[in-house]
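Let's take a walk through this structure together, going from the whole chain down to a few individual residues. Keep the 3D view open as you read.

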Amino acid sequence: MTQGGKKKKRAVNRSIMLAKKIIIKDGGTPQGIGSPSVYHAVIVIFLEFFAWGLLTAPTLVVLHETFPKHTFLMNGLIQGVKGLLSFLSAPLIGALSDVWGRKSFLLLTVFFTCAPIPLMKISPWWYFAVISVSGVFAVTFSVVFAYVADITQEHERSMAYGLVSATFAGSLVTSPAIGAYLGRVYGDSLVVVLATAIALLDICFILVAVPESLPEKMRPASWGAPISWEQADPFASLKKVGQDSVVLLICITVFLSYLPEAGQYSSFFLYLRQIMGFSSESVAVFIGVLGILSIIAQTIVLSLLMRSIGNKNTILLGLGFQILQLAWYGFGSEPWMMWAAGAVAAMSSITFPAVSALVSRTADADQQGVVQGMITGIRGLCNGLGPALYGFIFYIFHVELNELPLPESPPGGSATQYHLQQNSIIPGPPFLFGACSVLLALLVALFIPEHTNLSVRSSSWKKHGGSHSHPHSPQAPGEAKEPLLQDTNV
């Protein structure tokens, strides 16, 4: 893109932001507290995931009590259905929020994402059924990113996205430990009531305090504005993968490395609790420590590596750490091995920020959303396939328990001994499969050039870059359309 074209794009963006500020100042938004800000989005995200984080330990217990014979298989199917539904619905919800506004869809996604919480103590079967179906609306991050893009300028957007991501990580660092402590002292019923209250507080906050970020005058002419199939097609980004060899290599790398990671997130804490004999408190502490180490790795360590060894080598290093971590989980038979592998897992979290940075640096300015949309689509698909695959592998290798480990059992006690008698050679088969998958990803990543121009030959994609783009916030050169962060819950 020429220098004149860049100046024109920046001028257009400034004009749109000025128009929004004028409309907001003149009362063009529904009632809320103050003007739309990043802090509104941050509070919404924090409350939602804090409520779910509180339920980490109770969910593991209820899951095994509900499905005692096929715990891992059913967990994989539940999370897999939820992930696939989220992947299918996210583009449509994003497109509809461009027409109907962000506030109504923030309310919708938070309500349905948190709807299963009170059912945990009412009916476990309905609890897990509603979790699966809630995947249709479990895309709060997509709407939050659009909300942030509406109210920030180009140079502010990266910092705003970082604040939202840090808030998400912070809520999951603190809440599992709090939930485990309250459950041990006062019982799980109190934890469920508290999580329900926080979810209701989040809904009330959106209703009362969150102002609409997309003013009425900035929307299409009518609420009946047509939504094209291209905007709502979840596979639209995947159809463009093969049009550029470099894009293809990056997408294959992302698929092979994120598939086992998505499966690991869905089952690992259950694995620690049921197979390795961790107590609820130990699982909560593990989540907190891993979260803190991951934040350090993705900020300080990632910055140092990018400056010292370069973008591509940082990706390769992250994949190497992921292979070591998964192999350690797969062959590890003692709790201390899980802690050591967790530290390595924190280092492996640098891979996807490095991939995003590589795409942002090497893609043309008008192709940022296209390539980032492809990567986000691949990750969304993995969020559905990974948990189901892990659950199926656990089922094939008969990794199950007949009873919960006793609360007073120390790590490495009866549960671990039971498991080792059952499967002494490979304690965690899915993790070993994941290590092989990431090894293939590493071999593919070796062929990604360090510096190149990514081009996707499709004029329509210049108009519609990525699943969750919207016409009101032109993309900044060198900036991803949205962070590579998916809706997950522990």
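Helices and strands here are DSSP runs, with at least four residues for a helix and at least two for a strand, numbered from the N terminus. Counted that way, the protein chain has 21 helices and zero strands. Bear in mind that you're looking at a predicted model.

Start with the chain as a whole. It runs to 490 residues, and 59% of them are buried. Its accessible surface comes to about 19,700 Å², with carbon and sulfur atoms making up 69% of that. As for how the chain meets itself, take the contacts between residues at least 6 apart in sequence: 87% of these join residues at least 24 apart.

Now zoom in on a pair of helices, α5 (residues 102–114) and α10 (residues 188–208). Their axes come within 10 Å and cross at roughly 170°. Anything over 145 degrees counts as roughly antiparallel, so that's how α5 and α10 lie relative to each other. On the α5 side, the contact is made by Lys 103, Leu 106, Leu 107, Val 110, Phe 111 and Cys 114, while α10 brings in Ala 199, Asp 202, Ile 203, Ile 206 and Leu 207. Sort those residues by type and you get nine nonpolar, two charged and no polar ones.

Stay with α10 for a moment. Its 21 residues reach 30 Å from first C-alpha to last, close to the 30 Å expected at 1.5 Å a residue. Its buried residues include Val 191, Val 192, Ala 195 and Phe 205, and also Ala 199, Asp 202, Ile 203 and Ile 206; those last four belong to the contact with α5 too.

Further along, helix α16 (residues 335–348) passes the length check as well: its 14 residues should span 20 Å, and the end C-alpha atoms are 20 Å apart. Among its buried residues are Pro 335, Met 337, Met 338, Gly 342 and Val 344.

Finally, two spots that aren't buried. How exposed is Ala 357? This residue of helix α17 (residues 351–362) is partly exposed at a relative accessible area of 21%, just past the 20% under which a residue counts as buried. Leaving aside neighbours within four places in sequence, Ala 357 touches Met 306 and Asn 311. Its C-alpha atom sits 9.8 Å from that of Lys 312, 45 residues away along the chain. Leu 304, in helix α14 (residues 280–308), is partly exposed too, at 47%. The C-alpha atoms of Leu 304 and Thr 314 are 9.9 Å apart, with their positions 10 residues apart along the chain.

Note on methods: Residues are numbered from 1 along each chain as its sequence is written. This is a predicted model: local features need pLDDT of at least 70, side-chain atom pairs count only at pLDDT 80 or more; totals for chains, interfaces and linings use all residues. Side-chain values use heavy atoms; hydrogens and water are left out. Axes are lines fitted to C-alpha atoms, for helices over the stretch in contact, and angles run from 0 to 180 degrees between N-to-C directions. Angles under 35 degrees count as roughly parallel, over 145 as roughly antiparallel, 65 to 115 as roughly perpendicular and the rest as oblique. Contact means heavy atoms within 4.5 Å. Ala, Val, Leu, Ile, Met, Phe, Trp, Tyr, Cys and Pro count as nonpolar, Asp, Glu, Lys and Arg as charged, and the others, Gly among them, as polar. Buried means under 20% relative accessible area, exposed over 50%, partly exposed in between (1.4 Å probe, protein chains only). Accessible areas come from the Shrake-Rupley method with a 1.4 Å probe; for residues, only the protein chains shown count as cover. The expected span of a helix is 1.5 Å times one less than its number of residues.
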